[in-house]
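Good morning, colleagues. Today I would like to take you through the aromatic contacts and the internal space of one protein.

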Amino acid sequence: MAELLPALRGLPPAYLVGGAVRDMLRGAESVDLDIAVEGDAVAVARTLAERLGGEAREHERFGTATVRAGGVTADLATTRRERYERPGALPVVEPAPLADDLVRRDFTINAMAVGLSEDDVGELHDPHGGRTDLESGVVRVLHERSFIDDPTRLLRAVRYEARLGMRMDARTEELARTAAADGALETVSGPRIRDELMDLLRELEAPSALEHARELEIDSALHPSLAAEPELAAAAALGAAETGADRGLAALATLVARAPDELEPWVESLALARAERDAVMAAARHAPGLVRSLQGEVPDSVVHTLLRGEPPETLAVALALGAPGGPIHRYLADLRGVRLEVTGDDLLAAGIPPSPAVGRALEETLRRKLDGEVGGRDEELALAIEVARREEGG
Ligand code: ATP
């Protein structure tokens with residue numbers, strides 16, 4: 001602010017808005033600085049960047065810009081009014097004063113602004129009682145149609161509740177329950193669901209958000225086969241920490257694991273990156289089976305075969321579902337790094353003709369090495385040659 005405020009002098013009125021105001025009032029750090037400008041935000045961004053010796057990146061499609069200068073990063077947007085022509089669709093927007101910009105927001109705690117210009121510096125603009133709600137721990141929508149206009153707010157509401165340790169007021173909760181039951185979420189595109197759902201699932205307090213989502217039947221409103229299991233999501237978060245899995249993807253896989261066939265089209269509709277989608281589906285499909293197949297005395301070669309090629313999310317969800325930790329930790333710490341000291345070239349050099357038998361011989365040798373039956377290059381080579389000859393003969 002010490003850098004920003006002087007640089008805003010003489011420019012159209014600017015306000016700190018959204019999460020940064022909420023977090024500042026809670027005495028918490030905020031990573032994002034969102035600045036709303038009553039005027040041309042892109043032009044203000046350019047001037048700011050010039051004055052601060054930084055740079056402005058313009059996002060033309062949205063009429064917004066990001067300014068980076070020294071220690072400051074701020075997103076600037078023109079204050080605007082929004083109109084929802086169709087529930088769930090993106091709103092039609094037009095420039096409007098601050099009051100309109102605040103009334104279009106999701107919850108009272110996110111609908112406050114702090115003046116950054118001239119004699120308004122430091123003034124709190126709080127027309128919807130956000131500060132009181134923040135102090136009493138209430139997540140409250142600004143109007144009755146809020147969840148219908150934008151049903152992604154259902155996911156945002158439980159996320160803020162969990163993260164901030166707050167609770168919806170009775171009316172907001174009733175509106176949320178009704179919107180979910182009336183199929184409001186069906187009007188929203190998959191990618192918009194994805195963005196909010198992944199934000200929710202990546203929260204440290206995601207299990208508690210899922211618990212309220214389940215209670216309000218937001219989970220089954222996303223898809224009838226979807227069932228939030230907060231305890232499982234919490235266990236998957238621990239599993240993710242142990243295996244290096246992405247916590248959000250592991251949590252998503254727990255939602256899908258009870259009915260992967262029914263839910264695959266829904267996962268597709270989220271349009272995750274391909275690797276992410278593959279990880280979620282692999283974890284959802286394979287983790288339950290691992291709980292059974294890793295029980296008891298399982299040779300290391302079998303552990304290796306079962307887990308090789310699985311993303312860490314599969315291991316995290318398997319742990320969450322109760323798979324024994326021993327073999328999974330052994331795989332991560334040790335088995336997955338085991339390599340043969342001989343290669344196919346060594347077999348060819350020993351006179352084995354090129355054929356699929358070479359690959360199978362190396363596989364078999366690796367299995368025996370994992371189970372501690374061969375050690376060292378000479379033994380590996382002798383075994384691989386023996387297997388390859390046998391395979392060839394067969
Ligand atoms: P955080 O990033 O900490 O989750 P944030 O409040 O900064 O919180 P963003 O998603 O970055 O969250 O949104 C910034 C602000 O934009 C919000 O505080 C809110 O005022 C407004 N906003 C975001 N999404 C919506 C929405 N779906 N409906 C209405 N207002 C929204």
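**Aromatic cluster and internal cavity**

Phe 107, Phe 147 and Tyr 160 are joined by ring pairs into a cluster. Please keep in mind that this is a predicted model.

Let me begin with the pairs themselves. A pair of aromatic rings is described by the distance of the centres and the angle of the planes. Searching the whole structure gives 2 aromatic pairs. In one of them, the ring centres of Phe 107 and Phe 147 are 6.5 Å apart and the planes meet at 55°, so this pair is tilted. Phe 107 belongs to the loop between helix 4 (98-103) and strand 8 (113-115), while Phe 147 belongs to helix 6 (residues 146-149); the pair therefore ties together parts that are 40 residues apart in sequence.

Are these two rings buried or exposed? Phe 107 has 0% relative accessibility and counts as buried, because the cut-off for buried is under 20%. Phe 147 is buried as well, at a relative accessible area of 1%.

Phe 107 also forms an aromatic pair with Tyr 160, and this one is edge-to-face, with 6.1 Å from centre to centre and 80° between the planes. Here too distant parts of the chain are linked: Phe 107 is in the loop between helix 4 and strand 8, and Tyr 160 is in helix 7 (residues 152-164), 53 residues apart. Tyr 160 is buried, its relative accessible area being 5%. What sits over the ring of Tyr 160? It is the charged end of Arg 159, 4.9 Å from the ring centre.

I turn now to the internal space. Rolling a probe the size of a water molecule over the atoms shows where empty space is left. The count comes to 1 cavity of 30 Å³ or more. The volume of the largest cavity is about 50 Å³.

Which elements give two or more residues to its lining? They are helix 9 (190-202), helix 10 (206-215) and helix 11 (218-222). Helix 11 gives the most, with 3 residues. Among the lining residues are Leu 155, Leu 197, Ala 213, Ile 218, Asp 219 and Leu 255. By class, the lining has 10 nonpolar residues, no polar ones and 1 charged residue.

Where does this cavity lie with respect to the domains? Domain 2 (138-222) and domain 3 (224-338) both give residues to the lining, so the largest cavity lies between them.

Terms used. Residues numbered from 1 in each chain as written. Predicted model: local features only at pLDDT ≥ 70, side-chain atom pairs only at ≥ 80, totals over all residues. Heavy atoms only, no water. 1 Å grid on protein atoms, 1.4 Å probe; cavity = no way out; pocket = protein on both sides within 12 Å on 5 of 7 lines; lining within 4 Å. Points joined across faces, edges and corners; volume = space filled by probe spheres on them. Helix = DSSP H or I, 4+ residues; strand = E, 2+ residues; numbered from the N terminus. Nonpolar A, V, L, I, M, F, W, Y, C, P; charged D, E, K, R; others polar. Domains from an automatic or database assignment. Phe/Tyr/Trp six-rings, centres within 6.5 Å; stacked < 30°, edge-to-face > 60°. Buried < 20%, exposed > 50% of the residue type's maximum accessible area, 1.4 Å probe, protein only. Lys NZ or Arg CZ within 6 Å of the ring centre and 35° of its normal.
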